[in-house]
Amino acid sequence: MGINTQTKKKESQSPKILRFTKGERISHWVHALAFFLLLFTGLGILNPSFQPIMNVFGGIQIARLIHRGAAIVFVVIVGLMFVVGNPSHHWEWLKSVFKFTKSDWQHVRAFPKEFFGGHGDYPPQDKYNGGEKINSLITIFGSFFITLSGVVMWMAPWFPAGLVRWAYPVHDLSMFMMVAASLGHIYLGVLHPDSRAALPGMFSGYVSAKFARAHHALWYERVQNQQQKL
Amino acid sequence: MTRKMILVDTSKCTGCKACTVACKEWNELPAEKTQLVTSYQTQKDFSPKTWTYVTFIEKYKDQTMNFLMRKAQCFHCGDPACLKACSSKAIRQTESGFVVIDHKKCIGCGYCTENCPFGVPKVDQTLQKSFKCTGCIDRVENNLKPACVQTCQTGALMFGDYSDLLGQAKNRLSEVQKTHPQAQLYGEKEMGGTTYVYLLMDRPEVYGLPVNPTIPLSLTLWKDVVRPVGGIAVGGAAAAVVIGVFANIVKGSYRSKDD
Ligand code: HEM
């Protein structure tokens, strides 16, 4: 990991540590905004009781068009972020979430208690803890399957009916899983008293060193050591 | 209104296609450019503007040729896959047994097209609406026969109450089977009992019809498993978040530390 200026002293006494690069933040927010636009424009087709709400988009037919446009952003822009600019952190994230370690499992086991405001016991975590890895995996597989099925639904006449029929349940299943995960994700990022300290990391890129030490000790130590070697 | 039935007795069909013209006439559907598909068949598939057509198969046996002709249109299933698949509750089933699309509600998503085991409904991409045979429900509900039945000259199309006509169909079948042992009824049991029932001269696969049409497994899984289970997953996540927020308020976690 060739990262310099990982930590920097802000004017005052509270030290900060860089968690997400600009590229990572762009990917996160483009994906998030496209996701919600896709969700809201998809609702009118999911259930007719949502169809009156589609007037905010200018009617159901416009909503269907926006769904397709947002799908392109959802896939192409975020896909491009893995190759243009400085994408190494994207790939590091991808590699790390597929490496599920023992301490990740220990985190996951203690997680429900933490989620509801208690204190679970688990070993020091790396940059991504077990819960974050699961959320990442749901996002990765969900995006993959919702894209494949979405393309088949979009280009339905090109595909045999026997395949298109299966795209519908796949699209819905991916959607439900990702929506469920995103609810928990937003709660932890915005409303959870301990973990919401991570939120600035997705805006400015920096989180407080105190938070990093408490929640991601392994990562924090490693970054500190690298700093000292410089 | 009682359950109705239309018997398509292919043993009496001469392939004159008057039914297809009558359909266009009554439903005010413009003629489309046709081309020779095979034999005397000039229409390959349904279209938003063509709701019925006649398929022709030339069957050779012992140096003689026999026409297998079949008027194709929506079967008006007893258990319609299109109705289950519809995204907009635009498809309903009448008491008389016809499956009709409400074009005020239809958004042209094509879910019916993809899920119909017979490939009947077709979406007009300009209007963004799905179209298919209505069974001339506007005629039927005013005590008239569907236009195709009205015009048929040979008695290949018959319209009546379901129970009466099914009995007649069975009598006719035993008659036809004397010369055509493979003849059979199609639609009596298929798809929950269809409103258009066929007396076929040969096995359904010879006509290119599915041997055992059913509601697609993927459709059942989608509507009866993925939807409810997914709803529970999302509802469960939402409930967990609400409980989490409350637990933290009760514990006073929001006041204690802020870093
Ligand atoms: C990423 C690529 C995606 C593509 C290409 C895509 C494409 C489609 C298409 C073609 C439809 C059919 C509806 C119509 O004909 O207007 C559809 C439906 C839908 N999409 Fe997507 N979509 C994508 C992603 C998403 C995402 C991320 C979500 C939700 C978060 C989503 C939610 C929905 C919903 C709820 C429906 C309605 C499904 C139903 O009727 O059960 N889609 N999508």
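**Figure 1. Residues 173–191 of chain A in the predicted model.** The span formed by residues 173–191 of chain A is 100% helix and 0% strand, with its end C-alpha atoms 26 Å apart. The structure shown is a predicted model. In an unreviewed UniProt entry, residues 173–191 of chain A are listed under "transmembrane region", together with residues 26–46, 66–85 and 137–161.

**Figure 2. Residues 66–85 of chain A.** Residues 66–85 of chain A also come from the "transmembrane region" list of the unreviewed UniProt entry. Over residues 66–85 of chain A, helix accounts for 75% and strand for 0%. The C-alpha atoms at the two ends of residues 66–85 are 28 Å apart.

**Figure 3. The iron atom of the ligand and its protein donors.** Two histidines of chain A, A:His67 and A:His171, each provide the NE2 atom as a donor to the iron, at 2.0 to 2.1 Å. The pair links distant parts of the chain: A:His67 belongs to helix H2 (residues 60–80) and A:His171 to helix H6 (residues 161–191), and 104 residues separate them. Both A:His67 and A:His171 are buried. The iron has six donor atoms, and the angles among them run from 85 to 179°, giving an octahedral site. For six octahedral donors, the ideal angles are 90 or 180 degrees.

**Figure 4. Surroundings of the ligand.** The ligand is surrounded by 24 residues, and the closest are A:Arg64, A:His67, A:His171, A:Asp172 and B:Arg227. Because the surrounding residues come from chains A and B, the site is shared between chains. Two contacts involve oxygen atoms of the ligand: a polar side-chain atom of A:Arg64 lies 2.7 Å from an oxygen atom, and a polar side-chain atom of A:Asp172 lies 2.8 Å from an oxygen atom. A side-chain N or O atom of A:His171 lies 2.8 Å from a nitrogen atom of the ligand; A:His171 is also a donor to the iron through NE2.

**Figure 5. Cysteines of chain B.** Where are the disulfides in this model, and how many are there over all chains? The search of the whole structure finds zero. B:Cys13 is in no disulfide, and the nearest cysteine sulfur belongs to B:Cys19, 6.6 Å away. B:Cys86 is likewise in no disulfide; the nearest cysteine sulfur, from B:Cys109, is 6.2 Å away. A disulfide is counted here when two cysteine sulfur atoms are within 2.5 Å. B:Cys86 has 15% relative accessibility and therefore counts as buried.

Methods:
Residues are numbered from 1 along each chain as its sequence is written. Chains are lettered from A and ligands numbered from 1 in the order in which they are written. This is a predicted model: local features need pLDDT of at least 70, side-chain atom pairs count only at pLDDT 80 or more; totals for chains, interfaces and linings use all residues. Side-chain values use heavy atoms; hydrogens and water are left out. Donors are N, O and S atoms within 2.8 Å of the metal (3.2 Å for Na, K and Ca); water is not among the atoms, so sites may look incomplete. Four donors count as tetrahedral if all angles lie between 85 and 135 degrees; four count as square planar and six as octahedral if opposite donors are over 155 degrees apart and all others between 65 and 115; anything else is irregular. Helices (H or I, at least four residues) and strands (E, at least two) are DSSP runs, numbered from the N terminus. Buried means under 20% relative accessible area, exposed over 50%, partly exposed in between (1.4 Å probe, protein chains only). UniProt positions are given in the numbering used here, feature names are shortened, and annotations may be inferred rather than shown by experiment. A residue is near a molecule or strand if one of its heavy atoms lies within 4 Å of it. A polar contact is a pair of N or O atoms within 3.5 Å; within protein, one must be able to donate a hydrogen and the other to accept it, and residues adjacent in sequence count only if both atoms are side-chain atoms.
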